[in-house]
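This report walks through one protein model, sheet by sheet and core by core. Keep the structure in view while reading.

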Amino acid sequence: MTSPSHTVLIVDDVPENLAYLHDALDESGYQVLVANSGEMALQIAHLMQPQVIFMDAMMPGMDGFATCRRIKAAAETQHIPVIFMTGLTEVEHVTMAFDAGGVDYVTKPVRPAEVLARLKAHVQNATRMHQATSALDAFGQATIAILPGDKRLIWQTPLAKQYLEHYFAEWAAKEAYHTVQTLPPMIYQWLENCVQQFSEGQSMQTLNVNQGNARLSLTVANTSEEQWVVVLREYSDEAQIESLGKLFQLTKRESEVLYWTVKGKTNKDVGEILGTSPRMINKHLEHVFQKLGVETRTAAASLVASKIKF
């Protein structure tokens, strides 16, 4: 029997189809939710957070493709795998299902044995992926995962989404995040190059995107057949100061003093930047050195350089 925490949402406008699949899944131990429209599916997915959604492709009003795009565009539901149920087996319709964000499809009339086999695999993958994503969210990591084959975006943490919208504002406004699978052209091209470099056994280059005095750096951190994980890091005065505070348990003012000191500024320079006296800067430095376990500016700079890349 499957754990009752494994919840499945079935979306179909035909009551007979809902009942047939509901009974098969219920007998196998799944908690089953049903929706007879795209609008209802969006509400249930948001509130109940099912592990997997079975989506009818052709429905009146909002069809399954549009519903899936809406599910994948919302941060709260983008991690949920969507399996399409359709009698449409033509290549273009299968492509539409995957383009909308679907991970798999089964043909109608559905066969319970096939559905259960596919479902088990996707539930396990979805659970592991969501746990990993939740852990990254908790630590404030900016991370995205992509399919290496077609460079399609699978999931992203909230901070990564924020970075993409900020550094690629024109693209974000144009796309309006109508589908989570899209990526800015610059990132897509970079990923194309990374895939080529990976296949040739070469080191994959980092992508840097500059905006004013800030810089967003993208690095492939993990590769597997299922997904590549890309880490996004922001390098700016404010971001680095915040990182120093978290890393060494410093107050905001102590972090600011340490940051500008490591940058080679004198106490007078730092005082002018922060609007205080050199004497106060020296007092803050004494506390900083104590927390870092060092005695000199050079030692502090060396320690910081070993932990954070400026």
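Is Ala73 buried, partly exposed or exposed? The model is a predicted one. In it, Ala73 has a relative accessible area of 23%. Buried means under 20% and exposed means over 50%, so Ala73 counts as partly exposed. Ala73 belongs to helix 3, residues 64-73. Its C-alpha lies 9.4 Å from that of Gly101, and 28 residues separate the two in sequence.

## Overall picture

The protein chain has 310 residues, and 45% of them are buried. Its secondary structure comprises 13 helices and 10 strands. About 16,000 Å² is exposed, with carbon and sulfur atoms supplying 52% of that area. Take the contacts in the protein chain with a separation of 6 or more: 53% of them link residues 24 or more positions apart.

## The parallel sheet

One open sheet has five strands in the order 2-1-3-4-5, paired in parallel. Which strands stand at its edges? They are strand 2 (31-35) and strand 5 (104-107). Each has a single partner strand, so one side of each lacks a neighbour in the sheet. On average, neighbouring strands are turned by 20° against each other, direction ignored.

Strand 3 and strand 4 (residues 82-86) run parallel and are joined by four bridges. Phe54 stands opposite Ile83 of strand 4. Strand 4 also pairs with strand 5, again over four bridges and in the parallel sense. There, Phe84 has Tyr105 as its bridge partner.

In a regular strand, side chains alternate between the two faces of the sheet. Strand 5 has two contrasting faces: Asp104 and Val106 are on the covered one, Tyr105 and Thr107 on the uncovered one.

Helix 2 (residues 38-48) lies across strand 1 (7-11), strand 2 and strand 3. It runs at about 150° to strand 2.

## Asp56

An unreviewed UniProt entry lists Asp56 for "modified residue: 4-aspartylphosphate". Asp56 lies in strand 3, residues 52-56. Why does Asp56 count as buried? Its relative accessible area is 4%, and the cut-off for buried is under 20%. Not counting residues up to four places away in sequence, Asp56 touches Val11, Asp12, Asp13, Gly64, Met85 and Lys108.

## The antiparallel sheet

A second open sheet also has five strands, in the order 7-6-10-9-8, with antiparallel pairing. Strand 7 (152-156) and strand 8 form the edges. Each has a single partner strand, so one side of each is without a neighbour in the sheet. Neighbouring strands here are turned by 25° against each other on average, direction ignored.

Helix 6 packs on this sheet and touches strand 6, strand 7, strand 8, strand 9 and strand 10. Its direction makes about 60° with that of strand 10.

Strand 8 (residues 207-211) and strand 9 (residues 214-223) run antiparallel, joined by five bridges. They form a hairpin with two residues between them. Gln211 stands opposite Ala214, and Asn210 has Arg215 as its bridge partner.

Two glycines with a positive phi are listed here.

| Residue | Location | Phi |
|---|---|---|
| Gly212 | turn between strand 8 and strand 9 | about 65° |
| Gly264 | just after helix 10 | about 95° |

## Nonpolar cores

Which residues touch the most other members of the largest nonpolar core? They are Ile187, Trp190 and Leu232, in a core of 25 residues. Elements giving two or more residues to this core include strand 6 (143-147), helix 6 (158-167), helix 7 (169-175), helix 8 (185-199) and strand 10 (228-235). Strand 8 and strand 9 are also among them. Beyond neighbours within four places in sequence, Ile187 contacts Leu164, Phe168, Leu207 and Leu218. Another core lies apart from this one, with 21 residues, among them Ala41, Met55, Met59 and Ala97.

## Helix 10

Helix 10 (residues 252-262) is mostly covered, with eight of its 11 residues buried. These are Glu254, Ser255, Glu256, Val257, Leu258, Tyr259, Trp260 and Thr261. Their cover includes helix 9 (237-248), helix 11 (267-274), helix 12 (278-292) and helix 13 (297-307).

Notes:
Residues are numbered from 1 along each chain as its sequence is written. This is a predicted model: local features need pLDDT of at least 70, side-chain atom pairs count only at pLDDT 80 or more; totals for chains, interfaces and linings use all residues. Side-chain values use heavy atoms; hydrogens and water are left out. Two strands pair if DSSP finds at least two bridges between them. A nonpolar core is a set of buried Ala, Val, Leu, Ile, Met, Phe, Trp, Tyr and Cys residues joined through side-chain atoms within 4.5 Å. Buried means under 20% relative accessible area, exposed over 50%, partly exposed in between (1.4 Å probe, protein chains only). Contact means heavy atoms within 4.5 Å. UniProt positions are given in the numbering used here, feature names are shortened, and annotations may be inferred rather than shown by experiment. Axes are lines fitted to C-alpha atoms, for helices over the stretch in contact, and angles run from 0 to 180 degrees between N-to-C directions. Accessible areas come from the Shrake-Rupley method with a 1.4 Å probe; for residues, only the protein chains shown count as cover.
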